[in-house]
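Me: I would like a close look at a single part of this model, followed by an account of what surrounds that part. Please keep to what can be read from the coordinates.

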Amino acid sequence: MAEKADVEIRDDRERGELVAYEGGEPVGSIAYFVMAPAPGALVAVHTVVPPEHGGRGIAGALVREFYAFAGRDGVPVVPLCPYAAKWAQRHPGEAPEASAELVQEAKRQLGDHPELL
């Protein structure tokens, strides 16, 4: 099991990016979009941690915080990102499952965000 990452995580809602920082430098991110109509679900599309920062729990810390801030906003998460989806399966107490209808609509709306494909 990877050690717990000691990173600062910040949400850049305008850019659709949740970013992990270590020593002021970005070390990982989740690209996402907000489903319409706002405030719809938050849709995680890609989780990226460069190889030189891998294996330290950064991706897991990002996904955990993604679910946490969605919960604070009172909106569900649709994990289209394979890593986020696997993390959610392993942590059902922290990651409520999105309905099939919500997942289908998120996939449809992903087409409205070509920058994330």
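Which residues does T47 touch, not counting residues up to four places away in sequence?

Reply: The model is a predicted one. T47 touches S29, I30, A59, V63, C81, Y83 and A84, once residues up to four places away in sequence are set aside. T47 itself lies in strand β4. With a relative accessible area of 18%, T47 is buried, because the limit for that class is under 20%.

Several of these partners lead on to the helices. A59 and V63 of α1, together with Y83 and A84 of α2, also take part in the contact between those two helices. Helix α1 spans residues 58–73 and helix α2 residues 82–90; their axes come within 10 Å and cross at roughly 75°. That angle makes α1 roughly perpendicular to α2. The full set in this contact is A59, G60, V63, R64 and Y67 from α1, and Y83, A84, W87 and A88 from α2. By class, the residues of the contact are seven nonpolar, one polar and one charged.

Within α2, the buried residues are A84, W87 and A88. Seen down the axis of α2, they fall within an arc of 100°, so they line one face of the helix. Their cover includes β4, α1 and β5. T47, as a residue of β4, has A84 among its contacts. The face of α2 turned away from the buried side carries P82, K86, Q89 and R90, which are exposed.

Strand β4 (42–48) also takes part in the packing of helix α3. In α3, residues 100–110, the buried residues are A106, Q109 and L110. They cover an arc of only 105° around the axis, which puts them on the same side of α3. These buried residues pack against β3 (25–34) and β5 (77–79) as well as β4. The other side of α3 holds the exposed residues A100, E101, Q104, K107 and R108.

On the strand side, the contacts of T47 include S29 and I30. Both of these are also contacted by E17, whose other contacts, leaving aside neighbours within four places in sequence, are R10, D11, D12 and Y32. E17 is in strand β2, residues 17–22. Its side chain makes a polar contact with the side chain of R15, at 3.4 Å.

Two loops complete the picture. P37 sits in the loop between β3 and β4, and the peptide bond from A36 to P37 is cis, with omega near -5°. P76 sits in the loop between α1 and β5. The relative accessible area of P76 is 39%, and P76 is partly exposed. Leaving aside neighbours within four places in sequence, P76 is in contact with A41, L42 and L102. P76 and L62 are 14 residues apart in sequence, and their C-alpha atoms are 16 Å apart in space.

To return to the starting point, T47 is buried, and its contacts include S29 and I30 as well as A59, V63, Y83 and A84. The last four of these belong to the contact of α1 with α2.

Technical notes
Residues numbered from 1 in each chain as written. Predicted model: local features only at pLDDT ≥ 70, side-chain atom pairs only at ≥ 80, totals over all residues. Heavy atoms only, no water. Buried < 20%, exposed > 50% of the residue type's maximum accessible area, 1.4 Å probe, protein only. Helix = DSSP H or I, 4+ residues; strand = E, 2+ residues; numbered from the N terminus. Arc of directions from axis to C-beta. Contact = heavy atoms within 4.5 Å. Polar contact = N/O pair within 3.5 Å; in protein donor to acceptor, adjacent residues only side chain to side chain. Axes fitted to C-alpha atoms, helices over the stretch in contact; angles between N-to-C directions. Parallel < 35°, antiparallel > 145°, perpendicular 65-115°, else oblique. Nonpolar A, V, L, I, M, F, W, Y, C, P; charged D, E, K, R; others polar.
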